[in-house]
Structures are given as structure tokens and as C-alpha cells.
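Here is a small set of exercises to work through with the viewer open. Try each task yourself before you read the solution below it.

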Amino acid sequence: MADATILDYEFEAHANPVSAADRAEILANPGFGKRFTDHMVMIKYHVDRGWHDARVMPRGPLSIDPACAVLHYAQEIFEGLKAYRLPDGGAALFRPEANAARFRESAERLAMAPLPEEAFLSSIRKLVEVDRDWIPEGEGGSLYLRPFMFASEVFLGVKPASEYTYIVLASPAGAYFKGGAPSVTLWVSEHYTRAAPGGTGAAKCGGNYAASLVAQAEAIREGCDQVVFLDAVENRNVEELGGMNVFFAFEDGSLITPPLGGTILPGITRDSLLTLAKDVGIDVREEQYSLEQWRADAESGKLREAFACGTAAVVTPIGRVRGRGFEFQIGNGGPGMLTERLREQLTAIQRGTAPDPHGWVERLF
Ligand code: PLP
Ligand code: COI
């Protein structure tokens with residue numbers, strides 16, 4: 001069986017890469033998730049051969065059999081991480097080992113072949129190296145990396161597949177929310193939950209996002225930016241947003257974020273902010289927080305700030321919360337001081353402009 005920790009990558013350069021002038025235009029205003037670099041990584045798995053055929057190749061369409069298992073039973077997982085431009089023109093990844101570990105855990109939950117973490121890491125490093133000219137410069141810009149894996153066995157029986165395809169895409173990115181949103185408005189989903197105990201909520205699988213879309217569409221229809229989900233058992237405690245974790249900041253300077261417990265994604269940004277907050281002596285607790293309490297605390301002024309956090313969203317202030325028959329504002333509806341301070345601290349470490357006491361930053365070149 002091939003040993004994925006020492007996979008050799010074949011390299012096929014793109015015959016017609018995007019010109020330097022066109023690339024510069026894309027990088028000046030990349031948006032999120034719409035533009036892609038010239039190359040991608042692909043690695044195959046077969047139960048009898050292990051991981052094999054690792055390659056860096058021109059990005060392009062896939063040809064898959066219509067009976068490919070993922071198209072029927074959604075055995076698919078993904079990750080999201082970013083490469084940042086450093087002040088000296090080099091580039092760095094932020095905690096890629098954490099993404100590699102979460103990818104393995106997601107694979108295990110979805111009964112997929114776990115990609116060795118060293119192979120995950122080498123695939124990311126390779127692609128950033130090859131498409132190094134695609135990392136935007138300047139504040140807010142980064143190269144968003146999207147590793148994903150799907151069941152590629154051609155078989156309609158319901159069982160864990162015996163073949164998988166792993167791919168990494170790279171996409172230059174600016175702000176996730178349109179206009180760089182100074183603060184966002186959330187819609188509280190009344191009818192839909194994201195994940196139930198025993199389900200796949202802690203895994204980063206495409207199915208979780210498919211299940212969230214009707215609620216997210218409702219949020220947009222109601223003029224909000226993101227949906228916020230409550231727990232599936234009592235429909236009471238705040239869990240997370242469609243694609244971000246959430247924090248609450250109080251007048252006494254303390255912070256709360258909902259605890260991990262199988263129904264929310266263990267965000268790497270969430271974990272990093274917990275650490276940074278503890279570093280500076282903030283009383284930060286992983287604790288259940290109900291919608292009812294959220295509303296009461298916002299109205300009494302006890303709650304000063306709330307923010308969403310994730311790789312794509314970074315740290316985004318939550319200004320208002322709306323649901324069927326109610327609406328409340330948080331603080332002055334705009335960015336709060338603690339939110340700004342944590343965002344600054346995190347992004348300064350990621351971009352190499354502040355010391356990195358926890359060894360989170362991996363310099364690539
Ligand atoms: N929760 C959900 C549902 C997400 O999709 C994401 C984004 O990846 C997060 C939370 C935040 O995770 P991370 O900080 O690792 O990007
Ligand atoms: C991320 O932040 O990486 C996400 O996955 C959120 C969303 C774009 C799915």
C-alpha cells in the first residue's frame with residue numbers, strides 16, 4: 001500500500017495560465033469563492049491500493065460516472081483554511097495541523113478513508129507553492145484553500161465507499177460578507193435545526209450545509225445576512241451560525257461561547273480566540289446561552305457585543321438579531337471594542353505583524 005506520508009507529487013503545469021495582468025485584476029477585488037488559481041491537487045484512494053496518484057495539475061472540470069456514490073449518498077467532507085501574505089512578501093498558513101486533524105475526524109464520522117495528516121499538509125504546501133503568485137496582498141486579502149474529499153466508487157449500494165478522491169482548490173479571497181460588512185444581522189431559525197445529538201454536526205461534511213440552506217435562504221429573504229441555529233432538543237440554546245461560531249461579550253468584560261458537544265463545528269478560529277482571550281486574562285467560558293437570555297441581556301445592556309467567527313468570516317460583529325415577531329439590537333449595532341481587539345490580535349498573528357506565542361503560524365516561503 002502506498003505510504004501517503006511520503007507521497008511524491010507528479011506535476012503538470014497549466015498550459016494556459018491566467019496572465020499576470022488578468023491575475024492582478026482578479027487579486028485587486030477577489031470577492032469570496034468565485035475565482036480560482038491555475039492548479040489543483042488530486043490524490044486518489046482505493047481500498048486495495050491505499051492513497052496513490054498524487055498530482056498537482058491544471059484546475060479543470062472532473063469527469064465522474066453518474067453512479068458515483070457521492071452523487072447519491074453525499075459521502076463528502078471539506079475543510080477551509082487560508083494562506084496569508086507576510087510583510088516581507090513570504091507566505092504563511094495558520095494552524096494547518098488543526099485542519100488536518102479535523103479533516104481526519106470528519107472522514108471517520110462519515111465512514112471515509114482518513115487521509116493521513118501529513119498528506120493533507122503536504123498537499124496544501126504544494127498547491128500554495130505552485131500558485132504562490134495568487135496570494136492577494138493588503139488588508140483582508142488571503143488565499144482561501146478548500147481541501148475536500150468525496151466517495152468516487154461507482155456503486156449504488158448503500159455502504160462506505162471503497163474509493164475516494166481528494167482535491168484541493170485555491171481561491172483568492174477578500175471579505176466573506178458583501179461590502180466588508182461592519183456588522184451583520186442574524187435570523188433566528190424557528191423551524192429548522194442544523195444538527196441533532198448523535199448526528200454529523202461536529203463534522204465538516206457537505207450534508208450539514210445542504211441541510212442549512214433552506215434556513216439560510218429564509219434569513220436572506222428576511223433581509224438578514226446569516227442564520228443562527230438553536231439546539232435541536234429544546235429549541236432554546238444558541239448553537240452556531242450557518243458557517244460560523246458565535247461569541248457573546250458582557251458588560252463585566254467576560255465572554256461566553258456555546259460549548260462543543262457534537263452538534264457544532266469545533267472551529268479553529270473559535271479555539272484560537274478562546275486561547276487569545278485567556279492569554280490576556282479575560283474570563284471566557286464555554287457555556288450554554290439561550291435565545292431568551294440573549295434577548296434579555298441585549299435589551300438590559302448586560303450584553304455589550306456579539307460576534308461571529310470562522311476562517312471565511314474572520315471576526316464579524318453581530319449588530320442585530322431578528323426572528324418571527326421580534327428584533328433586538330446589540331450594543332450600538334456596530335463593532336464593539338472587545339470584538340475589534342480580538343480581531344486585531346488574531347489577524348496580526350495570522351499576517352505575521354505580531355508575535356506568535358503559540359506557534360500557530362507556519363511559514364511556507
Ligand atoms: N461553524 C461552521 C458551521 C463553519 O462552516 C465554520 C467554518 O469553517 C465554522 C464554524 C468556523 O470554523 P473555523 O474557524 O475552523 O473556520
Ligand atoms: C469557512 O470559514 O472556511 C467555511 O467553511 C465557512 C463557509 C464558507 C462554508
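A polar contact here is a pair of N or O atoms within 3.5 Å. Keep that cut-off at hand, and remember that you are looking at a predicted model.

**Exercise 1. The surroundings of ligand 2**

Task: Find the residues that surround ligand 2, sort them by class, and list polar contacts that its oxygen atoms make.

Solution:

Step 1. Begin with the shell. Ligand 2 is surrounded by Phe 32, Phe 78, Gly 80, Tyr 144, Arg 146, Tyr 176, Lys 204, Tyr 209, Gly 243, Thr 311 and Ala 312.

Step 2. Now sort that shell by class: around ligand 2 there are 6 nonpolar, 3 polar and 2 charged residues.

Step 3. Ask where the shell comes from. Domain 1 (4-174) and domain 2 (179-350) each give at least three residues to the shell around ligand 2.

Step 4. Turn to the oxygen atoms. The side chain of Lys 204 has an N or O atom 2.7 Å from an oxygen atom of ligand 2, and the side chain of Tyr 144 has an N or O atom 2.6 Å from an oxygen atom of ligand 2. From the backbone, an N or O atom of Thr 311 lies 3.5 Å from an oxygen atom of ligand 2.

Step 5. Finish with the cover. On its own, ligand 2 has 280 Å² of accessible area, and the protein covers 88% of this.

**Exercise 2. The surroundings of ligand 1**

Task: Which residues come nearest to ligand 1, and which helix and strands each supply at least two residues of its shell?

Solution:

Step 1. The shell around ligand 1 has 17 residues, and those that come nearest are Tyr 209, Glu 240, Ile 268, Thr 269 and Thr 311.

Step 2. Trace the shell to its elements: strand 11 (238-241), helix 6 (268-279) and strand 15 (303-310) each supply at least two residues.

Step 3. By class, the residues around ligand 1 are 6 nonpolar, 7 polar and 4 charged.

Step 4. Check the polar contacts. An N or O atom in the side chain of Thr 269 is 2.5 Å from an oxygen atom of ligand 1. For the side chain of Arg 102, an N or O atom is 2.8 Å from an oxygen atom of ligand 1. Ile 268 takes part through its backbone, with a polar atom 2.8 Å from an oxygen atom of ligand 1.

Step 5. Taken alone, ligand 1 exposes 380 Å², of which the protein buries 96%.

**Exercise 3. Strand 5 and its partners**

Task: Is strand 5 (residues 81-85) largely enclosed or open, and which strands does it join?

Solution:

Step 1. Count the buried residues, with buried meaning under 20% relative accessible area. In strand 5, 5 of the 5 residues are buried, so the strand is largely enclosed by the rest of the structure.

Step 2. Look at both faces. Leu 81, Ala 83 and Arg 85 point one way from strand 5, Lys 82 and Tyr 84 point the other way, and all are buried.

Step 3. Follow the bridges. Strand 5 runs antiparallel to strand 7 (residues 142-151), with 3 bridges joining them, and Lys 82 stands opposite Tyr 144 in strand 7. Tyr 144 is also one of the residues that surround ligand 2.

Step 4. Strand 6 (residues 91-94) is likewise antiparallel to strand 5 and joined to it by 3 bridges; here Ala 83 has Leu 93 as its bridge partner.

Step 5. Inspect the turn. The hairpin of strand 5 and strand 6 has 5 residues between the strands, and Gly 89 takes a positive phi near 95 degrees there.

**Exercise 4. Strand 2 and its partners**

Task: How many residues of strand 2 (residues 39-46) are buried, and over how many bridges does strand 2 pair with strand 3 and with strand 8?

Solution:

Step 1. Of the 8 residues of strand 2, 6 are buried, so strand 2 is largely enclosed by the rest of the structure.

Step 2. Strand 2 pairs with strand 3 (residues 50-58) over 7 bridges in the antiparallel sense. Met 40 stands opposite Met 57 in strand 3, and the two strands form a hairpin with 3 residues between them.

Step 3. With strand 8 (residues 163-173), strand 2 pairs over 6 bridges, again in the antiparallel sense. In this pairing Ile 43 stands opposite Tyr 166.

How values were computed. Residues are numbered from 1 along each chain as its sequence is written. Chains are lettered from A and ligands numbered from 1 in the order in which they are written. This is a predicted model: local features need pLDDT of at least 70, side-chain atom pairs count only at pLDDT 80 or more; totals for chains, interfaces and linings use all residues. Side-chain values use heavy atoms; hydrogens and water are left out. A residue is near a molecule or strand if one of its heavy atoms lies within 4 Å of it. A polar contact is a pair of N or O atoms within 3.5 Å; within protein, one must be able to donate a hydrogen and the other to accept it, and residues adjacent in sequence count only if both atoms are side-chain atoms. Accessible areas come from the Shrake-Rupley method with a 1.4 Å probe; for residues, only the protein chains shown count as cover. Ala, Val, Leu, Ile, Met, Phe, Trp, Tyr, Cys and Pro count as nonpolar, Asp, Glu, Lys and Arg as charged, and the others, Gly among them, as polar. Domain bounds come from an automatic or database domain assignment. Buried means under 20% relative accessible area, exposed over 50%, partly exposed in between (1.4 Å probe, protein chains only). Helices (H or I, at least four residues) and strands (E, at least two) are DSSP runs, numbered from the N terminus. Two strands pair if DSSP finds at least two bridges between them.
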